[in-house]
Amino acid sequence: MMNESKSEYDIAVIETQARRPVSVKVKQFSLQGARIQNDWQGPQMVKYKNKLHPWKYIVVLPVARNPIKISSPNLSQLKPVHEGIRRVLMAQQRNHGQQARTAAPARQADPYGR
């Protein structure tokens, strides 16, 4: 679930917890079978002409939809989102491996360990 701003996110969380219809615009996408582009490199960097500092970003590649770019000017804000998506994807791989009776995937290197 993604929102346009932190305040919209807060409203959506409160309404969801109260089991009320969500009144703000929400973008949703499935991580089922998705992967993170160039995940072994960690978050990428882009420099915008009108911004003072480069932004860090990750790209989620869903199975049947357009790529989703998640960015932040601050790596510490992006890190928990990146790690959360990685945990979900690794859990999916483990569950899929258990269902297929295959070994669990090898643990990936920490892209923040540089």
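How many bridges pair β2 and β3, and in which sense do the two strands run? There are three bridges, and the pairing is antiparallel. Keep in mind throughout that this is a predicted model.

**Around strand β3**

Strand β3 covers residues 55-61 and is a good place to start looking. Six of its seven residues are buried, so the strand is largely enclosed by the rest of the structure. Its pairings with β1, β2 and β4 are set out here.

| Strand pair | Sense | Bridges | Example of facing residues |
|---|---|---|---|
| β1 and β3 | antiparallel | two | Arg 35 and Leu 61 |
| β2 and β3 | antiparallel | three | Val 46 and Trp 55 |
| β3 and β4 | antiparallel | five | Val 60 and Ile 68 |

Strand β4 takes in residues 68-72, and the link from β3 to β4 is a hairpin that goes through six residues. Take Val 60 as a way into that pairing: Ile 68 of β4 stands opposite it. Leu 61, for its part, faces Arg 35.

Leu 61 turns up again if you come at it from Ala 34. That alanine is in the loop between α1 and β1, and its C-alpha is 5.4 Å from the C-alpha of Leu 61, although 27 residues separate the two in sequence. Is Ala 34 buried or exposed? It counts as buried because its relative accessible area is 11%, below the 20% cut-off. Setting aside residues up to four places away in sequence, Ala 34 touches Val 60, Leu 61, Pro 62, Val 63 and Leu 89.

**Rings and a charge**

Now for the aromatics. Searching the whole structure turns up one aromatic pair. It is made by Tyr 48 and Trp 55, whose ring centres are 6.2 Å apart and whose planes meet at 80 degrees, so the pair is edge-to-face. Tyr 48 is partly exposed, at a relative accessible area of 31%. Trp 55 also has a role in the strand pairing, as the β3 bridge partner of Val 46.

Another tyrosine has a charge for company. Over the ring of Tyr 57 sits the charged end of Lys 69, 4.5 Å from the ring centre.

**A buried glutamate**

Over in helix α1, which spans residues 6-17, have a look at Glu 15. Which side chain of opposite charge is nearest to this glutamate? That would be Arg 20, at 4.4 Å. The distance is over the 4 Å limit for a salt bridge, and Glu 15 is indeed buried without one. Beyond its neighbours within four places in sequence, Glu 15 is in contact with Arg 20, Pro 21, Val 22, Ser 23 and Val 24.

**Two positive phi angles**

Finally, a couple of backbone spots worth a glance. Arg 19 is not a glycine, yet its phi is positive, near 60 degrees. This arginine belongs to the loop between α1 and β1, and β1 itself is residues 35-36. With a relative accessible area of 77%, Arg 19 is exposed.

Asn 38 is the other one to check. Its phi is about 50 degrees, again positive in a residue that is not a glycine. You'll find Asn 38 in the loop between β1 and β2, the latter being residues 44-46. Its relative accessibility is 32%, so Asn 38 counts as partly exposed.

Key. Residues numbered from 1 in each chain as written. Predicted model: local features only at pLDDT ≥ 70, side-chain atom pairs only at ≥ 80, totals over all residues. Heavy atoms only, no water. Helix = DSSP H or I, 4+ residues; strand = E, 2+ residues; numbered from the N terminus. Buried < 20%, exposed > 50% of the residue type's maximum accessible area, 1.4 Å probe, protein only. Lys, Arg positive; Asp, Glu negative; His and termini not counted. Contact = heavy atoms within 4.5 Å. Phe/Tyr/Trp six-rings, centres within 6.5 Å; stacked < 30°, edge-to-face > 60°. Lys NZ or Arg CZ within 6 Å of the ring centre and 35° of its normal. Pairing = 2+ DSSP bridges.
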